[in-house]
Amino acid sequence: MKETLAHLLELQEVDTSLDELRKAREVYPKRIQELRKELEEERTSLEEMKGRLQDLEKQKRHYERELRRAQDELEKHKARLYEVKTNREYDAVQQEIEAWENSLGQNEELLLETMAAIEELAPQVADKEQAYAKSQEEKQEEIGRLLNRLENLDEEIEGQIRRREEITSRMDRRVLATYERGRKGRGGVAVVPVTRGACGGCFSQLPPQVVVEVKKGDRLIKCEYCGRILVWNEERA
């Protein structure tokens, strides 16, 4: 019976590994897709912010051109004041001067506002670029690890299946059937070691006599709380 119990514990370890590998085969592609989506969203957000900064830079250049134009026109019209011969011409030139002075003031104000916006946004873009570069490196590294693991998963699963077949070929059919029934409804875990006097499945403290009987290993003993088969393992005891 001790040999049977050892086989049961080994079988449980193999099945637990198989469950994890099969779950990974489903989870890893989803995680890879999730990481790629996150990277794309981060890249899009960065590009949008850089686009806003570029627009501000264009606005700045526009207001600088308009400012120079207003200054040039203002100087030209002021010079014309010395050339006019009638009051009507003088008034007309004076109105033009006032219009260009208003334009000059407006463009100066808009230029200062734009420069302030650039001054605020530029370091944010730099920080976001740095954060994206770091995130990209980390996520690409994780994607690479997951892709490598995916390449080897099928081979690992096949290896564990072969190991399972070797174990079950040496087991009593009735014991195996009991084990298979026990895996259902218990998260796939039917066999657990006794750990510090407690069930390794539900962690309920076991009566001392039960621990003694499990240690003897001469029959199948189930936890009275969770129904899992209890086995003795010196490494976990």
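Leaving aside its neighbours within four places in sequence, which residues is Asn107 in contact with? In this predicted model, the partners of Asn107 are Tyr63, Glu66 and Leu67. Asn107 itself belongs to helix α2, which covers residues 87-168. With a relative accessible area of 8%, Asn107 is buried, because the cut-off for that class is under 20%.

One of these partners, Glu66, also takes part in a salt bridge. Arg69 pairs with Glu66, and their closest N and O atoms are 3.6 Å apart. Both residues sit in helix α1, separated by three residues, or about one turn of the helix. Glu66 is partly exposed at a relative accessible area of 23%, and Arg69 is likewise classed as partly exposed, at 44% relative accessibility. Glu66 thus appears both among the contacts of Asn107 and in the pairing with Arg69.

Helix α1 itself is worth following along its length. It runs over residues 2-80, 79 residues in total, and spans 114 Å from its first C-alpha to its last. That value is close to the 117 Å expected at 1.5 Å a residue. The helix is nonetheless bent by about 30° at Arg25, with a proline, Pro29, following within four residues.

Salt bridges are the next topic, and the model holds 20 of them. Side chains of opposite charge can pair when their charged atoms come close. One such pair is formed by the side chains of Lys139 and Glu38, at 3.7 Å from N to O. This salt bridge links distant parts of the chain, joining Lys139 in helix α2 to Glu38 in helix α1 across 101 residues. Lys139 is buried, with a relative accessible area of 15%, whereas Glu38 is partly exposed, with a relative accessible area of 27%.

A further pair is found in helix α4 (residues 208-216), where Glu213 and Lys216 lie three residues apart, about one turn of the helix. Their side chains meet in a salt bridge at 3.5 Å, N to O. Here the acidic residue, Glu213, counts as buried at 15% relative accessibility, while Lys216 is partly exposed, its relative accessible area being 43%.

Beyond individual pairs, a network of salt bridges links Asp15, Asp19, Arg164, Glu180 and Arg183. Of these residues, Asp15 and Asp19 fall within the range of helix α1, residues 2-80, and Arg164 falls within that of helix α2, residues 87-168.

Key. Residues are numbered from 1 along each chain as its sequence is written. This is a predicted model: local features need pLDDT of at least 70, side-chain atom pairs count only at pLDDT 80 or more; totals for chains, interfaces and linings use all residues. Side-chain values use heavy atoms; hydrogens and water are left out. Helices (H or I, at least four residues) and strands (E, at least two) are DSSP runs, numbered from the N terminus. The expected span of a helix is 1.5 Å times one less than its number of residues. The bend at a residue is the angle between axes fitted to the seven residues ending there and the seven starting there. Buried means under 20% relative accessible area, exposed over 50%, partly exposed in between (1.4 Å probe, protein chains only). Contact means heavy atoms within 4.5 Å. A salt bridge is a side-chain nitrogen of Lys or Arg within 4 Å of a carboxyl oxygen of Asp or Glu.
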